[in-house]
Amino acid sequence: MFVVSRSRILTTFVSRKPIALAIGVLVAFQASSGFSEPAREQTDFFEKKIRPILVEHCYECHATDSKEVGGKFLLDTQAGMATGGESGAVIVSGKPDESLLMQSMRYDGMEMPPTGKLPESVLNDFEKWITQGAFDPRTKASNRSVPPAEDLDALWSFQTRVVSPTPRVIDATWSRGPLDQFVLARMEAVGLKPTHDADATTLVRRLYFDLTGLPPTAEQVTNFVQDHQQHGDGAVKQVVDRLLAGPQFGVRWGRHWLDVARYGESNGDDGLGRNATFPHAWRYRDYVIDAMNRDPGYDHFLREQIIGDTLRATDAAEKNRYLVATGFLALGSKPASAMNSNFAMDVVDDQINVVSTGVLGLSVACARCHDHKHDPIPTRDYYALAGIFSSTQTLYGAAGNENLTAPPTELHALRSSLVGDQVRPDRSKTPVFADGYLAAIQEYQPLIRESLTEHPTALKPEAKLSFNETDFAKVKETALHGEFSGDAESYTVSFWFRNVIKNDARPITTYLFSRAKLGDKALPGDHLGIGGKHEKAVTGKLFVFNGNEKKKSVRGSTVIPPNSWNHVVLARRGGRIEVHLNGQLELEDKLEATFGKSREFSLGRRSDKFAPLEGNVGEFAAYERALDRDAILKLHAASGQPKGIIPTTIDGFAMGVREKAKPADIKIHINGDGAKKGASVTRGVLTAYETLPTKSTHRFDTGVFEVGAESSGRKELAEWLTRDDHPHTSRVMVNRIWMHLMGRGIVTTPDDFGVYGARPSHPKLLDYLAEAFVRQGWSVKQMIRQIVLSRTYQLASRHDADSLRLDPDNRWIARHPRRRLDAESLRDSILHVTGGLDHSPQQGSAVEEIDALINWPPGESTNLHRESNHRSIYLCMLRHAPPPELVAFDLPDAVGIAGKREVTTLPTQTLFLLNSEFVVSQAGIYAQKLLEDPSLTDEFRVKSVFLACFQRLPSDVELRQAIDYLVAIGDHFEKNEADSVKRAHRVWKSFCQAMLMTNEFRYVD
Amino acid sequence: MISRRHMLQSASCGFGYLALQSSLCQGTLHAGTQAASPAATNPARAKRVIFLCMSGGPAQMDTFDYKPQTGNKKHPGSAVAFQQKGDSGLWISDLLPETAKHADRLCVINGMHADTGNHAQSFLQLHTGERLRKRPSMGSWISYGLGSENENLPSFISLNAAKPSVYSSAFLPTEYAGTPIGTNGENMSAATIRDISGDHLPSSVKRQQLDFVQQMNRQHATQRSGDKHLEGVIESMELAFRMQSSAPELLDLSNETEATLKRYRVGKKLSIGTCRPTDFGRQCLLARRFAEAGVRFIELNHGGWDQHKNHRRDLKANCETTDAPIAALLEDLTARGLMDDTLVVWGGEFGRPGLTPDDGKDETGHNAKGFTFWLAGGGVKSGYVHGKTSETGARAVEGKVHFRDLHATILNLMGLDHRALNFQHEGRQHQLTGPEEAKVVTELFA
């Protein structure tokens, strides 16, 4: 349809010489000696019945001289036959039913030969042959061997970094450092000279957009220009450091990573037209923005995202951050699970893809089905990685509560405090109270206080009980009864107990206390107990239930181990209930009081005799008022017993991953389909680094990749990925950074460093930067700083005809590339100049409360987006239903990894600028603002719009054109708009919209 | 620097001039009037495609592949009555009475087969030739090869579009991506091109406004000479401006007669079981209008053929929703003389196993091993049946046509050679038919 970027198309046609490389699993045959003398009969059978069939039906694809060996499997030699291909061994000697060869000939799963099933008699021959041991007398080796590395160049990225000396340059004065020298050397080699430096106004506009995604204000420009006149580079350093330290940096650079992480807040069409929301995905967005601002080191950033669930944290905030980070592996788009037996592997595929493409710049996912002819990544490697992720549990949530889409999973619970690291005090012994305990209790004037070391007076045991100093009252199938003196709603009871019943032995483990009319089956009142197997979420935890009529229960979070001694305080304050366990607030909630006028209570069993405590109870006190928290804590402290661990509350949920209970290797899925499986593959990483042609001296040695018995292997994978000497990880990331700042990557295919990707334009520079990156602790900010402070970055974008002719694509960077604002920067800039942008982070997401399908049922369009003046990164990134303000300008679909965005020129983009509600309404707001002060002249207003939009004043010609335009439009409206205020607004609104549509507004020099 | 306009004037291949670069377009091309004729193939039989995409897997044995019971033992087959129709005596299901009137125009392919019974993958393969990776859609390939016949409209339009991956241009230039009108799930009766119009300014003022913008843009570009992107934007803005008047006109059905709207069943929206309210009548009428206006590839979508449970009820609803609109489309194309150079394609990502009479079941699954497509117009035989499935319809046994063969055939009818229509990307040469050998089914040609 509408053609614009011609050069992009032309360059696509520049073909690259295909490289004939087949590193990986090719059959390496070792002639076996000591071959036993075959029986004539067996040889005859093979030669008469088997070999002719193989020759006729199989050799076309499975022989040494085949054009392309199918499945990397050779049938023309004994060795090939024995070894098998990419799906593993094809013959299990003596067992035809288990032999892949037999199965495929029977058209069971695979269909071989593909031209048609062979006659039954032939199948019987093969069955017989395999049953008898699959005797194969052929000894001549296949003469196909690993082809020589015709083009080691194609595998450049698999080789370790080489630190080259800074190159010599002719112009010794131009460079500011090695980076510039590497660039200049290449320029000089092709006869180019760098253009002049960008002027201060251009430079500051560029820096603001690149580091924050927003234009500078007119004032910021003026200040910088003045500062730059006085301090030169010092002024640049200052503004760079300020922008890097500011919060908007993370908004801009976080978005770059979200493109790589294929971030989306819904699943996207699952193939059945269903698109489930991801209500918790936004936490990952916030994590990424925060991580960019914190700059923990890219290596650590990756570890957080791949193994965050297993990282040790010092506090709850850190722990939660790590859990949220693993959303990286969970928020991919998944195909429907209905009628899809491969669903689990589809999830794994997405994870392999995001790690291999996102982190390594290598497309491993193709190896799911076949080894690829030129690719050094064999199918085995895919399944080695797949084993790691299939040993990992993916927590993506409820999937819109639609089972056809995906089976629902749990989510990571984000807790208010760390649970795991607190040491639980030993409570196995009967407590021996401190001396002042009794006095402390008396100070608060309890209604009843019984130590229960001897027969009580204010409590009535239902049956005969033993009381003693060492273990207080011993109870089983019984209770102690008492009464308050009035029927006030507020009261407090405090006691110590030991329960010996296991937490999963009964539906309710035990009831401890009831404030209720004894024997009333409707159970009006407060009933405090420990949950049992009836409901997993409450097993072993305290709860309070308010009777069969209201049927509400509130619950704690701490599991109370059987046989432990614990102190519990139940305090009711009107309509609220508090329970303290061992001096820690365990639960606090609204709970209606239902005991009415009843004053009775029961200790050690529910008021209707259900679920009695088996164990002990001691040191009981009851107060006819609600003790405040201080008092409760003070009283516990007075007991001299250790405080309990801090109970946790759940503050929210996050998508993510965690280890599976039983990690295991998996088998190759033949043709990527789970229906047919080949050999099992040991979990591991890519092997291409080690199978490089031997002449390479820059081999990256993985060493032994050993996965612990309890580990999925993600830990080992993350360690391997973030090794300082990993050839890919650092190169891929510095290339991404370079691309965002310089308009094109040193490798122009940032997601593909493989044999099909582009070769680096500046290989030595790439390695220099990667080395510097690692040496600077993988700091993204330091790398950005280094690049933007270079002279190369600070070049002007204008150029002479010569440099255009010699280097139309600006491969050698003799000038700075001019770039169009991306979707987010365009929207943010519009809001910025019209004065409406809210720079603060937006909390949560438009779908945080919505677990549902989008646009469902069909024909019922739903718009889940909400209006927002926050930065675009906070808009709701629903897959296949993106924010309307962004969709026109090449927003990635978030299904695949998008390290590099498209930059298209389409009429739909102009339609957005011409007619969209967003642009039109923002123009109206802007006009309103300009007209607020009636004393301003039109000339002044025009100048202010130029300053805000272009960061410069209009030329005399431009000023005249603008005024002419305003007059012409004013004349037009004269006729049909009587109200002069409204007319002025319409005129200015059209002018403001025009300014927002211009190329100058939307392009950065 | 030559502007795009100059380029267009000087290149005889017109809007499809990009295809020149792939050494494909060697014949003479007159911009805006005629399709490309690559030297390697026969002349184009069709100029445009209307693809009636029936997603979900239509039950071929209850529509076009008649399977009566044979022998004594009951077996899967047609669950509804069929009649022989027209002079050709084509068997057509009683559920499609209107389409049946056009029996003599249809070219039925009963031996279709595909690689997988997984919706998402097979649907992708039907559109792009590849089931796992993002590749250019058939409409994008054809647009890329032939360009547009109307410089005010997109060359590839997808109505009630499914997910973007099926109308994406992938690595082909983005101008060949499908323009969606109504995405899956939206209300099709109100669907339009996003932001195609706005009433905030009268159109004369809009023109003045754009003139002012373009004045600024040209000054900006002059100071930055040689930046083709800036020039491209200036061109593209003009095109968008023209689209504002041409596209809404086409989408506005108010000048169609009451009788026409009724014939197409415009606005009729059945929502029963799996049958979705896609306003298929409006889609068909829009397709006719786009075809008349010179849009190269028009895809229509009706979802809901995935009738697992309640097979009979949902099948009936799907047939009822699509039958009359398709018949009206065929009738109008014929009446207006467009049938000869318009290729109409009907089919989905696979078919279904048939119901077995009297076994009490009303449930069907997926069958990728044998199903039906039909073609009409554009140089194919009429009243003709090609290929067949086994007695139970379980698999194609004769005249087998794979998706890649269908793709090669459609390209050939458009005058394109599937091997020559290729694109170099990531070091590999890509084509719609994929790496495996595809055959042009010449038996279908008139």
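In the predicted model, the buried residues of helix α13 of chain A pack against two helices and three strands of that chain, namely α11 (282-294), α12 (298-307), β2 (412-415), β18 (650-654) and β19 (656-659). Helix α13(A) spans residues 316-325 and is mostly covered, with seven of its ten residues buried. The buried positions are K319(A), N320(A), R321(A), Y322(A), L323(A), V324(A) and A325(A).

A second helix packing in chain A involves α14 (residues 343-360) and α15 (residues 379-390), whose axes come within 9 Å and cross at roughly 110°. Angles of 65 to 115 degrees count as roughly perpendicular, and α14(A) and α15(A) are therefore roughly perpendicular to each other. On the α14(A) side, the residues that take part are A344(A), V348(A), Q351(A) and I352(A); they meet Y382(A), L385(A), A386(A), F389(A) and S390(A) of α15(A). Sorted by class, this contact has seven nonpolar and two polar residues, and no charged residues. As a general point, an α-helix has 3.6 residues a turn, so residues three or four places apart point the same way.

Chain A as a whole contains 30 helices and 23 strands. Its C-alpha atoms fill a box of roughly 110 × 105 × 60 Å along the principal axes. Chain A has 1005 residues, of which 49% count as buried. Among contacts in chain A with a separation of 6 or more, 70% are between residues 24 or more positions apart. Chain A is divided into domain 1 (1-20 + 146-163 + 179-192 + 277-418 + 648-693 + 711-787), domain 2 (40-131) and domain 3 (437-645). The C-alpha centres of domain 1 and domain 3 of chain A lie 54 Å apart.

Chain B has ten helices and 15 strands. Of its 446 residues, 60% are buried. Residues 24 or more positions apart make up 69% of the contacts in chain B with a separation of 6 or more.

The two chains touch each other through 65 residues of chain B and 61 residues of chain A. On the chain B side, α3 (119-128), α5 (203-222), α6 (228-251) and β14 (422-425) each supply at least two residues. The largest share of that side, eleven residues, comes from α6(B). By class, the side of chain B that touches chain A has 21 nonpolar, 29 polar and 15 charged residues.

The largest nonpolar core has 157 residues, and the members that touch the most others are L52(B), V345(B), W374(B) and L375(B). Helix α9 of chain B (residues 311-335) gives the most to this core, with nine residues. Beyond its neighbours within four places in sequence, L375(B) is in contact with C107(B), L343(B), V344(B), V345(B), V380(B) and L444(B). A second, separate core of 156 residues includes F73(A), I91(A), F773(A) and A881(A).

Within chain B, L126(B) is placed in helix α3. L126(B) has 25 other C-beta atoms within 10 Å; a residue is buried if 20 or more lie within that distance, so L126(B) is buried. Apart from its neighbours within four places in sequence, L126(B) is in contact with E349(B) and F403(B). L126(B) and R419(B) are 293 residues apart in sequence, and their C-alpha atoms are 18 Å apart in space.

Two residues of chain B that are not glycine have a positive phi: N160(B), at about 45°, and D195(B), at about 55°. N160(B) lies in strand β5 (residues 156-161) of chain B, whereas D195(B) is in the loop between β6 (179-183) and α5 of chain B. N160(B) counts as buried because it has 28 C-beta neighbours inside 10 Å. D195(B) also counts as buried, with 24 C-beta neighbours inside 10 Å.

Technical notes
Residues are numbered from 1 along each chain as its sequence is written. Chains are lettered from A and ligands numbered from 1 in the order in which they are written. This is a predicted model: local features need pLDDT of at least 70, side-chain atom pairs count only at pLDDT 80 or more; totals for chains, interfaces and linings use all residues. Helices (H or I, at least four residues) and strands (E, at least two) are DSSP runs, numbered from the N terminus. A residue is buried if 20 or more other C-beta atoms lie within 10 Å of its own, exposed if 12 or fewer, and partly exposed in between; C-beta atoms are placed from the backbone. Two residues are in contact if their C-beta atoms, placed from the backbone, lie within 7 Å. Ala, Val, Leu, Ile, Met, Phe, Trp, Tyr, Cys and Pro count as nonpolar, Asp, Glu, Lys and Arg as charged, and the others, Gly among them, as polar. Axes are lines fitted to C-alpha atoms, for helices over the stretch in contact, and angles run from 0 to 180 degrees between N-to-C directions. Angles under 35 degrees count as roughly parallel, over 145 as roughly antiparallel, 65 to 115 as roughly perpendicular and the rest as oblique. A nonpolar core is a set of buried Ala, Val, Leu, Ile, Met, Phe, Trp, Tyr and Cys residues joined through C-beta atoms within 7 Å. Domain bounds come from an automatic or database domain assignment.
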